[in-house]
Amino acid sequence: MKDLLFENWEKLGQVALMTIASFVILFLFIRISGKRTLAKFNAFDFVVTVALGSTLAYMMLAMVPLAEGVMVLFLIIALQYLFAKLASTSDKMEHLINSSPHLLFYKGKYLKDNMNTEAITVDEINAVVRQEGIEKLDDVLAVVIELNGEISVIKKSDTPGGKSSLEDLDIPDGQGGGDL
């Protein structure tokens, strides 16, 4: 029972030192690697965030030697950078690494096939619309589940023309296209 609360002063000091060193090293790596390291654009970025957190915890608790932890942090960040570069230079790699956004609601209609694919209910879509402060579905052009799993609500625009943020999505037949 004693070991659950306190093992010894040496172990406590070691954990304190490892926590400080691990934190500073991760902070420096993130500053060097850029904002992308903490971004949550897609599922891969989420995995990187979880892996960084897990590695940091093992380092802080002195469960792995500092050098091994630093190597793991470096490799995780380097792999994320490599995959992001590959995705930005190759359409095939982008489709392999990233999922695609899907329309869930468009021009007054729930898109049941996409909703079933994404396991999203009508009630969940309505909740997200309400969270955006929108009362009437008539004011909503589209609801999209994004690459990172977040749901976006796109209001109808009063401004004609211009480029639409929906151009990369599969618009259902007879629902629009061109000028959204």
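Contact, in what follows, means heavy atoms within 4.5 Å. The model I am presenting is a predicted one, and I shall begin with a single residue, Asn 126.

Asn 126 lies in helix α7, which spans residues 122–131. Leaving aside residues up to four places away in sequence, Asn 126 touches Tyr 110 and Leu 137. Is Asn 126 buried or exposed? Its relative accessible area is 19%, and the limit for buried is under 20%, so Asn 126 counts as buried.

I turn next to a pair of helices. Two packed helices are described by the angle between their axes and the distance between the axes. For helix α3, residues 43–60, and helix α4, residues 66–89, the axes come within 10 Å and cross at roughly 170 degrees. Angles over 145 degrees count as roughly antiparallel, and α3 and α4 are therefore roughly antiparallel to each other.

Which residues form this contact? From α3, the participants include Phe 44, Val 48, Leu 52 and Met 59; from α4, they include Leu 66, Val 70, Leu 73, Ile 77 and Phe 83. By class, the residues of the contact between α3 and α4 comprise 13 nonpolar, three polar and one charged. Asp 45 in α3 is also among the residues of this contact.

Finally, the salt bridges. How many does a search of the whole structure find? The search finds one. The partners are Glu 167 and Lys 163, whose side chains meet at 3.2 Å, N to O. Lys 163 is exposed, with a relative accessible area of 76%, whereas Glu 167, at 41%, counts as partly exposed.

Note on methods:
Residues are numbered from 1 along each chain as its sequence is written. This is a predicted model: local features need pLDDT of at least 70, side-chain atom pairs count only at pLDDT 80 or more; totals for chains, interfaces and linings use all residues. Side-chain values use heavy atoms; hydrogens and water are left out. A salt bridge is a side-chain nitrogen of Lys or Arg within 4 Å of a carboxyl oxygen of Asp or Glu. Buried means under 20% relative accessible area, exposed over 50%, partly exposed in between (1.4 Å probe, protein chains only). Axes are lines fitted to C-alpha atoms, for helices over the stretch in contact, and angles run from 0 to 180 degrees between N-to-C directions. Helices (H or I, at least four residues) and strands (E, at least two) are DSSP runs, numbered from the N terminus. Angles under 35 degrees count as roughly parallel, over 145 as roughly antiparallel, 65 to 115 as roughly perpendicular and the rest as oblique. Ala, Val, Leu, Ile, Met, Phe, Trp, Tyr, Cys and Pro count as nonpolar, Asp, Glu, Lys and Arg as charged, and the others, Gly among them, as polar.
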